[in-house]
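Open your viewer, load the model and keep the selection panel at hand. We will go from one selection to the next, and I will tell you what to look for at each stop.

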Amino acid sequence: MGQVLAARSMAAADCLTCVQVSPTGQHVLLAYGRRSKQLSCLVAGQGSYELWHTVLQVYRMSDLALVRQMVSREDEVNVAAWHPCPGQGITYGTKSGKVRNIVAGGSGGSCRACPKVQTGAAEATSVLQQALQ
């Protein structure tokens, strides 16, 4: 199969529901579908503390160092995927039927750097429109 380039133990690995490699191959996304004490944190609210838990983590592929994580009070993730264009974010679906799009830093402009993806989307839209007529 090949050789192991990087390895690490993961907290609450039994709660993982999705592992995805980024479009550039530089990062790996982990999504958690169950709440775990190992991934919980207290967040200060209005005069009180609330228990939140990690739902997404992004690791650098080269050394598996944690780059970013997202916590939520309510979400449990069924599936998560990178946008096919680098820098355009992540979409995930929850066990309660919600779909969320996340873009770091509020960017998320158009996908001009990926004409191949735009063409594919246009073709898919055209095929769908023809099927509905």
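**The whole chain**

Begin with a cartoon view of the protein chain, which has one helix and eight strands. Please keep in mind that this is a predicted model. Trace the chain along its sequence and you will read the pattern β-β-β-β-β-β-β-β-α.

Now switch on the surface. The accessible surface of the protein chain is about 9,000 Å², and carbon and sulfur atoms account for 54% of that. Of the 133 residues in the chain, 26% are buried. If you like contact maps, take contacts between residues at least 6 apart in sequence: 42% of them join residues at least 24 apart.

**Stop 1: the largest nonpolar core**

Which residues make up the largest nonpolar core? Select Cys 18, Leu 29, Ala 31, Val 55, Leu 56, Val 58, Val 77, Ala 80, Trp 82, Ile 90 and Tyr 92, eleven residues in all. Colour the strands next: the elements that contribute two or more residues to this core are S2 (27–32), S4, S6 (77–82) and S7 (90–94).

Another core lies apart from this one; it has eight residues, among them Val 28, Tyr 32, Tyr 59 and Leu 64. Give it a second colour before moving on.

Return to the largest core and centre on Val 58, one of its members. Leaving out residues up to four places away in sequence, Val 58 touches His 27, Val 28, Leu 29, Ala 65, Leu 66, Val 67, Arg 68, Trp 82 and Ile 90.

**Stop 2: Leu 64 and its backbone**

Select Leu 64, in the loop between S4 and S5. Leu 64 is buried, with a relative accessible area of 15%, and is one of the residues of the eight-residue core. Check the backbone torsions here: Leu 64 has a positive phi of about 55°, although it is not a glycine. For background, most residues other than glycine have a negative phi.

Right beside Leu 64 in the numbering is Asp 63, whose side chain meets that of Arg 60 in a salt bridge, 3.0 Å from N to O. Are these two partners buried or exposed? Arg 60 is partly exposed at 35% relative accessible area, and Asp 63 also counts as partly exposed, at 42%.

**Stop 3: a salt-bridge network**

The structure holds five salt bridges. Select Glu 74, Asp 75, Lys 98 and Arg 100, which are linked in a network of such bridges.

Start with Glu 74 and Arg 100, whose side chains meet at 3.3 Å, N to O. Glu 74 sits in the loop between S5 (66–72) and S6, and Arg 100 in strand S8 (residues 99–102), so this pair ties together parts that are 26 residues apart in sequence. Glu 74 is partly exposed, with a relative accessible area of 40%. Arg 100 is partly exposed too, at 27%.

Then turn to Asp 75, which forms a salt bridge with Arg 100; the closest N and O atoms are 2.6 Å apart. Asp 75 is in the loop between S5 and S6 while Arg 100 is in S8, so the pair ties together parts that are 25 residues apart in sequence. Asp 75 is buried, with a relative accessible area of 2%.

**Stop 4: Ser 72**

Keep Asp 75 in view and add Ser 72, which is in strand S5. What lies 2.9 Å from a polar atom of the Ser 72 side chain? It is the backbone nitrogen of Asp 75. Ser 72 is buried, with a relative accessible area of 9%. Setting aside neighbours within four places in sequence, Ser 72 is in contact with Trp 52, His 53 and Val 55. Val 55 should still carry your first colour, as one of the residues of the largest core.

**Stop 5: a nonpolar patch on the surface**

For the last stop, bring the surface back and select Leu 42, Tyr 49 and Leu 51. Together they make a nonpolar surface patch of about 400 Å². Where is Tyr 49 placed? Tyr 49 belongs to strand S4 (residues 49–60), and it is exposed, with a relative accessible area of 63%. Strand S4 also appeared at the first stop, among the elements giving two or more residues to the largest core.

Notes: Residues numbered from 1 in each chain as written. Predicted model: local features only at pLDDT ≥ 70, side-chain atom pairs only at ≥ 80, totals over all residues. Heavy atoms only, no water. Patch = residues over 30% accessible without salt bridge, like charges linked within 9 Å, V, L, I, M, F, W, Y side chains within 5 Å. Areas by Shrake-Rupley, 256 points an atom, 1.4 Å probe, with all protein chains shown as cover. Salt bridge = Lys/Arg side-chain N within 4 Å of Asp/Glu carboxyl O. Helix = DSSP H or I, 4+ residues; strand = E, 2+ residues; numbered from the N terminus. Buried < 20%, exposed > 50% of the residue type's maximum accessible area, 1.4 Å probe, protein only. Core = buried A, V, L, I, M, F, W, Y, C linked by side-chain atoms within 4.5 Å. Contact = heavy atoms within 4.5 Å. Polar contact = N/O pair within 3.5 Å; in protein donor to acceptor, adjacent residues only side chain to side chain.
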